[in-house]
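Colleague: I should like to go through the surroundings of the ligand in this model. May we begin with the make-up of its shell?

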Amino acid sequence: MGALTDKVALITGGSTGIGFATAQQFVADGAYVFITARRQKELDQAVSTIGKNITGIVGDVSKPADLDRIMATIEKQKKHLDILFANAGVATYQRLGEITEEEFDRHFNINVKGALFSVQKALPLLRDGASIILCSSVVGSKGLGNNSVYSATKAALRSFARTFTTDLKERKIRVNVVSPGAIKTPGLENLAGASGDKLEALFANTVPLGRIGRPEEIAKAVSFLASDAASYITGAELFVDGGFAQV
Ligand code: NAD
């Protein structure tokens, strides 16, 4: 029996990167998984790669009406949720002095408003004792250059997890944060403007473990937080960063 057997999960932003790897891990661990993404083609591709126990629903997490439609689809198909991984997020470097209102709004709308309303709109479906995991980042606790807006969105998620833990304690819903370091995904390739060995070289020597991380390494940590093995863990932040933000 897998660690997530009979559990129903929603992963936002599940067509690529960390969200996709987590969907693969959850299904391998026995869960039924709903993934969302904005583009039908990428979503269909992800669903067909995973192949079973998965449904894709198109939607933009920054649009509350899309989240209503996503929750209605889940309610119709499975009636409830046991796990929510609020993963969808965007990142771009913005130099202080050149930050635009549009980019500020885009980051906060997707990363912060999107995560908040993903949680709030999932609440009627989440069973008592469910597990919510918010995807933050090492940058929520670091001051890396040209990264203030994105970093502030991720710090907001860390704060949400603390308050949600208190808000949801009567229902025994656990709320935790996973904070990845540099992980080889399309998102990081876009941010860094590099891929392959060049991407590795940009990050590897700042990490105690001497390499960039793999999406599967985040997926395993998220699956742990989602599972009953983490039954006494709530309000916590789990760094999966090769030691980057720990030393
Ligand atoms: P990615 O770009 O490969 O994946 C992001 C996913 O979010 C995609 O599926 C994308 O379609 C989806 N998405 C983006 N905006 C959306 C929206 N408005 N509505 C619905 N879906 C949307 O990036 P990734 O690296 O896998 O990032 C996943 C999460 O991990 C993000 O929250 C990111 O901030 C966080 N993170 C990534 C790293 C890293 O190094 N890769 C490090 C720390 C944190």
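Colleague: By class, how many residues of the shell around the ligand are charged?

Modeller: The model is a predicted one. In the shell around the ligand, 12 residues are nonpolar and 13 are polar. The charged residues of this shell number three.

Colleague: Which element gives the most to the shell around the ligand?

Modeller: The ligand sits in the largest pocket. Two or more residues of its shell come from each of α1 (17–28), α5 (148–167) and α6 (186–192). With three residues, the element that gives the most is α6.

Colleague: Which residues come nearest to the ligand?

Modeller: The ligand has 28 residues around it. Those that come nearest are I18, D60, N87, Y150 and T185.

Colleague: What share of the ligand's exposed area does the protein bury?

Modeller: Polar backbone atoms approach ligand oxygen atoms at G13, at 3.3 Å, at I18, at 2.8 Å, and at N87, at 2.7 Å. Taken alone, the ligand exposes 820 Å². Of that area, the protein buries 93%.

Colleague: Is K7 buried or exposed?

Modeller: K7 is found in the segment before β1 (8–11). Its relative accessible area is 17%. Because this value is under the 20% cut-off, K7 counts as buried.

Colleague: Which residue's side chain does a polar contact join to that of K7?

Modeller: The contact links two side chains, and its length is 3.1 Å. The partner of K7 in this contact is D228.

Conventions. Residues are numbered from 1 along each chain as its sequence is written. This is a predicted model: local features need pLDDT of at least 70, side-chain atom pairs count only at pLDDT 80 or more; totals for chains, interfaces and linings use all residues. Side-chain values use heavy atoms; hydrogens and water are left out. A residue is near a molecule or strand if one of its heavy atoms lies within 4 Å of it. A polar contact is a pair of N or O atoms within 3.5 Å; within protein, one must be able to donate a hydrogen and the other to accept it, and residues adjacent in sequence count only if both atoms are side-chain atoms. Accessible areas come from the Shrake-Rupley method with a 1.4 Å probe; for residues, only the protein chains shown count as cover. On a 1 Å grid over the protein atoms alone, a cavity is a set of points where a 1.4 Å probe fits but cannot get out, and a pocket is an open set with protein on both sides within 12 Å along at least five of seven lines; lining residues have an atom within 4 Å of a point. A molecule sits in a cavity or pocket if more than half of its atoms lie within 2 Å of its grid points. Helices (H or I, at least four residues) and strands (E, at least two) are DSSP runs, numbered from the N terminus. Ala, Val, Leu, Ile, Met, Phe, Trp, Tyr, Cys and Pro count as nonpolar, Asp, Glu, Lys and Arg as charged, and the others, Gly among them, as polar. Buried means under 20% relative accessible area, exposed over 50%, partly exposed in between (1.4 Å probe, protein chains only).
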